[in-house]
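Here is a short walk through one chain. Keep the sequence and the 3D view side by side as you read.

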Amino acid sequence: MRTHQDALDAVKNLMTDKGLLYGKTYQRVATALSVPPQYSILVRIQEKIFRVDNLLKQGQPNQAHLREEFLDIAVYAILAAFESEPGLEERSKDSGIKLMM
């Protein structure tokens, strides 16, 4: 990635690809645990942070692995922001808004 646009494109592509593979698993976890979706997203973000920490402690971490974890964190942050949007449920029903993951 050389530019901000490259980074945004990478996040968008990752969101689309993983959304097609996994669907809205964070919502299913939230439902199973009877918690708001932001909590299940927060757990995923924390897991990614722990992975980054482990990679960094290796001394010379694999940069591709670090990049992947940071992109995943960006995707989850966007999903959490989306889930925190006021009136989300009403808009989703009316306009057919679909989350990518």
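Start at Arg51, which sits in helix α3. Is Arg51 buried, partly exposed or exposed? Its relative accessibility is 34%. The band between buried and exposed runs from 20% to 50%, so Arg51 counts as partly exposed. Now look across to Leu66. Arg51 and Leu66 are 15 residues apart along the chain. Their C-alpha atoms are separated by 8.6 Å.

This is a predicted model, so a word on confidence comes next. The pLDDT of the chain averages 86. A score of at least 70 is reached by 86% of the residues. Helix α3, the home of Arg51, has the highest confidence in the chain, at a mean of 95. Helix α5, residues 88–95, has the lowest, at a mean of 50. Over residues 91–101 the pLDDT falls below 50. Beyond near neighbours in sequence, that stretch still has 26 contacts in the model. Where pLDDT is low, predicted coordinates should not be read in detail.

Now step back to the whole chain. Its secondary structure comes to five helices and zero strands. From the N terminus on, the order of elements is α-α-α-α-α. The chain has 101 residues, and 28% of them are buried. How are the contacts spread along the sequence? Take the contacts with a separation of 6 or more. Of these, 65% join residues 24 or more positions apart.

Next, the core. The largest nonpolar core has 16 residues. Which of them touch the most other members? They are Ile41, Ile45, Leu71, Val75, Tyr76 and Leu79. Three helices give two or more residues to this core: α1 (4–22), α3 and α4 (63–83). Helix α4 gives the most, with seven residues.

Follow α1 toward that core. Ala10 is found in helix α1. Its relative accessibility is 14%, so Ala10 counts as buried. Setting aside neighbours within four places in sequence, Ala10 is in contact with Met1, Arg67 and Leu71. Leu71 is one of the core residues that touch the most other members. Val75 is another of those residues. Ala10 and Val75 lie 65 residues apart in sequence, yet their C-alpha atoms are 9.8 Å apart in space.

Helix α4 also holds charged residues to look at. Asp72 lies in α4. Is Asp72 buried or exposed? With a relative accessible area of 3%, it is buried. Outside its neighbours within four places in sequence, Asp72 is in contact with Leu14, Lys18 and Lys48.

Glu69 lies in helix α4 too. Its relative accessible area is 8%, so Glu69 is buried. Which residues does Glu69 contact, leaving aside neighbours within four places in sequence? They are Lys48, Arg51, Val52 and Leu55. That brings back Arg51, the starting point in α3. Lys48 appears among the contacts of Asp72 and among those of Glu69.

Move now to the other partner of α3. Helix α2 covers residues 25–33, and helix α3 covers residues 37–57. Their axes come within 8 Å and cross at roughly 115°. The crossing of α2 past α3 is right-handed. Which residues meet there? From α2 come Tyr26, Val29 and Ala30. From α3 come Pro37, Ser40 and Ile41. By type, the residues of this contact divide into five nonpolar, one polar and no charged. Ile41 also belongs to the largest nonpolar core.

Val43 is found in helix α3 as well. Its relative accessible area is 55%, so Val43 is exposed. The C-alpha atoms of Val43 and Tyr26 are separated by 9.5 Å. Along the chain, the two are 17 residues apart.

Last, visit the loop between α2 and α3, where Ser34 is found. Most residues other than glycine have a negative phi. Ser34 is not a glycine, but its phi is positive, at about 55°. Is Ser34 buried or exposed? Its relative accessible area is 68%, so Ser34 is exposed.

Note on methods:
Residues are numbered from 1 along each chain as its sequence is written. This is a predicted model: local features need pLDDT of at least 70, side-chain atom pairs count only at pLDDT 80 or more; totals for chains, interfaces and linings use all residues. Side-chain values use heavy atoms; hydrogens and water are left out. Axes are lines fitted to C-alpha atoms, for helices over the stretch in contact, and angles run from 0 to 180 degrees between N-to-C directions. Helices (H or I, at least four residues) and strands (E, at least two) are DSSP runs, numbered from the N terminus. A crossing is left-handed if the near helix is turned anticlockwise from the far one by less than a right angle, and right-handed if clockwise. Contact means heavy atoms within 4.5 Å. Ala, Val, Leu, Ile, Met, Phe, Trp, Tyr, Cys and Pro count as nonpolar, Asp, Glu, Lys and Arg as charged, and the others, Gly among them, as polar. A nonpolar core is a set of buried Ala, Val, Leu, Ile, Met, Phe, Trp, Tyr and Cys residues joined through side-chain atoms within 4.5 Å. Buried means under 20% relative accessible area, exposed over 50%, partly exposed in between (1.4 Å probe, protein chains only). pLDDT is the predictor's confidence in each residue, from 0 to 100.
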